[in-house]
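The following exercises are intended for a reader who is meeting this structure for the first time. Each task is followed by a solution in steps.

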Amino acid sequence: MSNLDLINKTILFVKEKLANAEGGHDWFHIQRVYKNALLIARGENCDETVVKLGALLHDIADSKFHAGDETVGPKVAREFLESEGVSESIISHVIQIIDNISFKGGKTEKTFSSIELDIVQDADRLDAIGAIGIARAFNYGGFKNRTMYDPQIAPNLHMSKEEYKNSQAPTINHFYEKLLLLKDKMNTETGKQIAEQRHHYMQGFLGQFYAEWDGEL
């Protein structure tokens with residue numbers, strides 16, 4: 001099977017698998033991450049097949065929607081790739097990307113390192129900030145029926161991985177607990193440059209949000 005055929009089959013598989021996914025973790029999220037990854041990969045010496053497969057399969061079964069089980073995504077991805085006759089070296093690399101891509105409260109160290117992981121992780125993090133990141137944050141907050149903002153509930157910047165996973169805090173707190181931290185966690189130069197602009201956009205949004213909340217504008 002050619003690489004093009006494999007990528008096209010993977011796209012169809014992911015579209016079908018995520019047909020009913022929450023709006024911030026659906027096929028369109030995958031598509032944006034895929035495009036971000038291709039953009040970043042242009043400036044890096046990398047295995048583009050691994051980057052493409054990692055981007056397409058990184059959220060195939062997000063643990064947030066599987067009772068916190070982080071083994072489901074890698075299992076689904078491996079079964080699909082094996083069914084397509086993909087080599088074990090590529091499968092293992094893609095699984096390592098899936099296992100190590102998530103923020104997880106910023107308290108978990110990577111257990112694997114590669115430029116392909118760096119690229120896909122940056123691509124995923126870029127989709128969590130800027131205008132799209134803001135939209136995704138409030139979409140997920142609505143999906144979980146969370147309060148938009150409560151001035152009495154301060155952001156918790158010292159959560160453990162488990163506390164982060166189980167947090168029910170207002171959506172605005174998520175900006176401080178994750179989104180505003182991502183700019184300084186980017187891996188690649190291209191990722192850092194794009195993140196800088198998107199970070200600035202979020203800061204402007206928060207300033208406007210608080211001004212409107214307090215009746216100043």
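**Exercise 1. Determine what share of the contacts with a separation of 6 or more joins residues 24 or more positions apart, and describe the overall fold.**

Solution.
Step 1. The model is a predicted one. In the protein chain, 67% of the contacts with a separation of 6 or more are between residues 24 or more positions apart.
Step 2. The secondary structure comprises ten helices and zero strands. Read from the N terminus, the order of elements is therefore α-α-α-α-α-α-α-α-α-α.
Step 3. For 217 residues, a compact globule would have a radius of gyration near 17 Å; the protein chain has 18 Å, which agrees.
Step 4. The C-alpha trace spans about 60 × 35 × 30 Å along its principal axes. Of the 217 residues, 47% are buried.

**Exercise 2. Examine helix H2 and establish which residues of H2 are buried and what they pack against.**

Solution.
Step 1. H2 covers residues 27-41. Its 15 residues should span 21 Å at 1.5 Å a residue, and the end C-alpha atoms are 21 Å apart, so the two values agree.
Step 2. The buried residues of H2 are Trp-27, His-29, Ile-30, Val-33, Tyr-34, Asn-36, Ala-37, Ile-40 and Ala-41.
Step 3. These buried residues pack against helix H1 (3-17), helix H3 (48-57), H6, H7 and H10.

**Exercise 3. Identify the residues with the most contacts inside the largest nonpolar core, and the helix that gives this core its largest share.**

Solution.
Step 1. The largest nonpolar core holds 56 residues, and those with the most contacts inside it are Val-14, Leu-56, Leu-57, Leu-81 and Phe-175.
Step 2. H2 provides the largest share of this core, namely seven residues.
Step 3. Leaving aside residues up to four places away in sequence, Val-14 touches Trp-27, Ile-30, Leu-56, Leu-57 and Ile-60. Of these partners, Trp-27 and Ile-30 are among the buried residues of H2.

**Exercise 4. Apply the salt-bridge rule to Arg-32 and Asp-127, and state where in the chain each residue lies.**

Solution.
Step 1. Side chains of opposite charge can pair when their charged atoms come close.
Step 2. The cut-off is 4 Å between a side-chain nitrogen of Lys or Arg and a carboxyl oxygen of Asp or Glu. Arg-32 and Asp-127 have an N to O distance of 2.6 Å, and their side chains form a salt bridge.
Step 3. This pair connects distant parts of the chain, with Arg-32 in helix H2 and Asp-127 in the loop between helix H6 (115-126) and helix H7 (130-143), 95 residues apart.
Step 4. Arg-32 is partly exposed at 23% relative accessibility, whereas Asp-127 is buried at 1%.
Step 5. Arg-32 and Asp-127 also belong to a network of salt bridges that includes Arg-136. The rule gives eight salt bridges in total.

**Exercise 5. Describe the salt bridges Lys-75 to Glu-79 and Lys-192 to Glu-189.**

Solution.
Step 1. Lys-75 and Glu-79 meet at 2.8 Å, N to O. Both are in helix H4 (residues 72-83), and because they are four residues apart, about one helical turn separates them.
Step 2. Glu-79 is partly exposed, with a relative accessible area of 43%.
Step 3. In the pair of Lys-192 and Glu-189, the closest N and O atoms are 3.5 Å apart. The two residues are three residues apart in helix H10 (residues 189-213), about one turn of the helix. Lys-192 is partly exposed at 34% relative accessibility.

**Exercise 6. Work out how far helix H6 is covered, and describe the surroundings of Ser-114.**

Solution.
Step 1. The twelve residues of H6 should span 16 Å at 1.5 Å a residue; the end C-alpha atoms are 16 Å apart, in agreement.
Step 2. H6 is mostly covered, with eleven of its twelve residues buried. Among them are Leu-117, Ile-119 and Arg-125. The buried residues of H6 pack against H2, H3, H5 and H10.
Step 3. Ser-114 lies in the loop between helix H5 (88-100) and H6. Its relative accessible area is 11%, so Ser-114 is buried.
Step 4. The side chain of Ser-114 makes a polar contact with the side chain of His-93 at 2.8 Å. A polar atom of the Ser-114 side chain also lies 3.0 Å from the backbone nitrogen of Leu-117.

How values were computed. Residues numbered from 1 in each chain as written. Predicted model: local features only at pLDDT ≥ 70, side-chain atom pairs only at ≥ 80, totals over all residues. Heavy atoms only, no water. Buried < 20%, exposed > 50% of the residue type's maximum accessible area, 1.4 Å probe, protein only. Expected span 1.5 Å × (residues − 1). Contact = heavy atoms within 4.5 Å. Core = buried A, V, L, I, M, F, W, Y, C linked by side-chain atoms within 4.5 Å. Polar contact = N/O pair within 3.5 Å; in protein donor to acceptor, adjacent residues only side chain to side chain. Rg over C-alpha atoms; globule rule 2.2 N^0.38 Å.
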